[in-house]
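Reader: I'm a first-year student, and I'd love a close look at one part of this protein. Please start from a single residue and lead me outwards.

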Amino acid sequence: MLIVNGQAHHLILSMTTTLADALREQVGLTGTKVGCNHGQCGACTVHVEGRRVLACLTLAANCQGKEINTIEGLSGDNGSLHPMQQAFIDQDAFQCGYCTPGQIMSAVALVEEGRLDSVDQIREYMSGNLCRCGAYPKILAAVLQGASAMKG
């Protein structure tokens, strides 16, 4: 059983099924992207038990019974966007958008883990999330705006 965004999903999983494949193919949540399938781009970033993980390298079987949060689970029950999602829109922090879910999930983790000591620290922490379009200045602005909104 996988607990995804607060909902239990009883799945039949192979021991080799990645979390990314389980989320996309069996749960039907396609916001988690698979870019490189080698853990190098960060497009597949999700949270497991509150920590960011690369879903393309994480076996779904290892996540049974653990709380998994995806980009789809960030918005409020009434459909309102998470402050980080809104910040990415406000700052126009994407072009093609493929990396955006992973960028947002990493940015939320960055704030929740208290890694906002400096712009350089944000850049370092987000360095595992690649953007082929080169939207990094706008991504940084979005992270700063989202962090400010999340902190109140």
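Where is glycine 35 found?

Author: Happy to help! First, a word on the ground rules: this is a predicted model, where local features need pLDDT of at least 70, side-chain atom pairs count only at pLDDT 80 or more, and totals for chains, interfaces and linings use all residues. Residues are numbered from 1 along each chain as its sequence is written, and side-chain values use heavy atoms, with hydrogens and water left out.

Glycine 35 lies in the loop between α1 (19-27) and β3 (45-48). Such labels come from DSSP runs (helices are H or I, at least four residues; strands are E, at least two), numbered from the N terminus. If we set aside neighbours within four places in sequence, glycine 35 is in contact (heavy atoms within 4.5 Å) with Cys41, Ala43 and Tyr98. Now look at cysteine 131: 96 residues separate it from glycine 35 in sequence, yet their C-alpha atoms are 10 Å apart in space.

Follow the loop onwards and you reach β3, which belongs to an open sheet of five strands in the order β2-β1-β5-β3-β4, with mixed pairing. Two strands pair if DSSP finds at least two bridges between them. At the edges are β2 (7-9) and β4 (51-54), each pairing on one side only. On average, neighbouring strands of this sheet are turned by 35° against each other, direction ignored.

β3 and β4 run antiparallel and are joined by four bridges. One of the partnerships links valine 48 with arginine 51 in β4. These two strands form a hairpin with two residues between them, and glutamate 49 in the turn has a positive phi of about 55°.

Elsewhere in the sheet, β1 (residues 2-4) runs parallel to β5 (residues 67-69), and two bridges join them. There, valine 4 stands opposite isoleucine 68 in β5. Helix α3 (residues 100-112) packs on the sheet and touches β3, β4 and β5, its direction making about 40° with that of β3. Axes here are lines fitted to C-alpha atoms, for helices over the stretch in contact, and angles run from 0 to 180 degrees between N-to-C directions.

One last stop takes us to a pair of helices. α2 (residues 83-90) packs against α5 (residues 136-151) at an angle of about 145°, and their axes are 8 Å apart. Among the residues that meet there are Met84 and Phe88 in α2, along with Ile139 and Val143 in α5.
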